[in-house]
Amino acid sequence: MRCPFCGNIDTQVKDSRPAEDHVSIRRRRFCPACGGRFTTYERVQLRDLVVIKTSGRREDFDRDKLERSIRISMQKRPVDPERIDQMISGIVRRLESMGETDIPSKVIGEIVMETLARIDTVAYVRFASVYKNFQAADDFDKFVSELRPDVAPET
Ligand SMILES: [Zn+2]
């Protein structure tokens with residue numbers, strides 16, 4: 001695994017342990033070249049998902065983007081980080097078990113909102129208010145950059 005700090009490809013695993021009810025393995029890695037430490041997660045990938053945007057453009061599903069948008073919505077909320085991990089895995093499992101590899105971005109947004117609504121109302125409002133302005137979140141990067149607690153309405 002390449003070091004994200006210096007690019008050295010010869011990094012070492014310091015510690016491996018199951019995370020999130022054994023659906024993933026968390027590995028702490030160390031780079032002997034620069035002394036950097038980072039964490040990787042290993043998960044079963046049931047299938048490769050493709051997101052269909054409202055424009056019709058196709059893009060590989062990116063779990064990290066999904067995770068980023070959810071974590072930003074959850075910022076400073078009294079929700080256990082472990083719970084957020086479980087929630088993200090739950091959403092991904094739901095997408096993977098839909099029986100289709102091609103999933104409209106709108107469906108993903110709706111599943112996220114539905115899940116957030118059950119867990120934290122403030123996070124839900126943050127996500128939903130930005131999501132709705134972005135017409136099905138077609139430009140996900142822009143969407144994520146807008147999704148900041150300080151621009152979201154207070155409740
Ligand atoms: Zn390094």
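Colleague: I'm new here, so let's start with a helix: which residues of α3 are buried?

Modeller: Welcome! Keep in mind that this is a predicted model. A residue counts as buried when its relative accessible area is under 20%. By that cut-off, the buried residues of α3 are Ser105, Ile108, Gly109, Ile111, Val112, Met113, Thr115 and Leu116.

Colleague: How far apart are the end C-alpha atoms of α3?

Modeller: The helix has 15 residues, and at 1.5 Å a residue these should span 21 Å. The model agrees with that expectation, since the end C-alpha atoms are separated by 21 Å.

Colleague: How does that work out for α2, and what distance separates its end C-alpha atoms?

Modeller: Helix α2 covers residues 81–96, which makes 16 residues. At 1.5 Å a residue, the expected span is 22 Å. The distance in the model agrees with this, as the end C-alpha atoms of α2 are apart by 23 Å.

Colleague: Which elements do the buried residues of α2 pack against?

Modeller: The buried residues of α2 include Ile84, Met87, Ile88, Ile91, Val92 and Leu95, and also Asp85, Ser89 and Glu96. Packing here rests on contacts, meaning heavy atoms within 4.5 Å. The partners of these buried residues are β3, α1 (63–73), β6 (102–104) and α3 (105–119).

Colleague: Serine 89 caught my eye; which residue shares a side-chain polar contact with it?

Modeller: Serine 89 belongs to helix α2. Its relative accessible area is 6%, so serine 89 is buried. A polar contact of 3.0 Å joins its side chain to that of arginine 63.

Colleague: Arginine 63 takes us to α1; how many of the 11 residues of that helix are buried?

Modeller: Arg63 is itself on the buried list, together with Lys65, Leu66, Glu67, Ser69, Ile70, Ile72 and Ser73. Helix α1 is largely enclosed by the rest of the structure, because the buried residues among its 11 number eight.

Colleague: At the start of α1, which backbone nitrogen does a side-chain oxygen of aspartate 62 reach?

Modeller: The side-chain oxygen of aspartate 62 comes to within 2.9 Å of a backbone nitrogen there. That nitrogen belongs to aspartate 64.

Colleague: Is lysine 76 buried or exposed?

Modeller: Lysine 76 sits in the loop between α1 and α2. Its phi is near 60°, a positive value in a residue other than glycine. The relative accessibility of lysine 76 is 81%, so this residue counts as exposed.

Colleague: There is a zinc ion too; what geometry does its site have?

Modeller: Four sulfur donors surround the zinc ion, from Cys3, Cys6, Cys31 and Cys34, at 2.2 to 2.4 Å. The angles among the four donor atoms run from 106 to 114°, and the site is tetrahedral.

Colleague: How are these donor residues spaced in sequence, and how many residues apart are cysteine 6 and cysteine 34?

Modeller: The donor spacing is C-x2-C-x24-C-x2-C. Cysteine 6 is in the segment before β1 (12–19), while cysteine 34 is in the loop between β2 (24–30) and β3 (37–43). The pair thus links distant parts of the chain, with a separation in residues of 28.

Colleague: What relative accessible area does cysteine 34 have?

Modeller: Its fellow donor cysteine 6 is partly exposed, with a relative accessible area of 40%. Cysteine 34 is partly exposed as well, and its value is 39%.

Colleague: Moving to the strands, how far is isoleucine 25 from threonine 40, C-alpha to C-alpha?

Modeller: Isoleucine 25 lies in strand β2 and is partly exposed at 28% relative accessibility. Leaving aside neighbours within four places in sequence, its contacts include Ser16, Arg17, Pro18 and Thr40. Isoleucine 25 and threonine 40 are 15 residues apart along the chain, yet their C-alpha atoms are separated by 8.2 Å.

Colleague: And alanine 128, how far is its C-alpha atom from that of glutamate 110?

Modeller: Alanine 128 is part of helix α4 (residues 121–133). With 7% relative accessibility, alanine 128 counts as buried. Glutamate 110 is 18 residues away along the chain, and the two C-alpha atoms are separated by 9.0 Å.

Colleague: To finish with the whole chain, in what order do its elements run from the N terminus?

Modeller: The chain has five helices and six strands, and 41% of its 155 residues count as buried. From the N terminus on, the order is β-β-β-β-β-α-α-β-α-α-α.

Technical notes: Residues numbered from 1 in each chain as written. Predicted model: local features only at pLDDT ≥ 70, side-chain atom pairs only at ≥ 80, totals over all residues. Heavy atoms only, no water. Donors = N, O, S within 2.8 Å, 3.2 Å for Na, K, Ca; no water. Tetrahedral: all angles 85-135°; square planar, octahedral: opposite > 155°, others 65-115°. Helix = DSSP H or I, 4+ residues; strand = E, 2+ residues; numbered from the N terminus. Buried < 20%, exposed > 50% of the residue type's maximum accessible area, 1.4 Å probe, protein only. Expected span 1.5 Å × (residues − 1). Polar contact = N/O pair within 3.5 Å; in protein donor to acceptor, adjacent residues only side chain to side chain.
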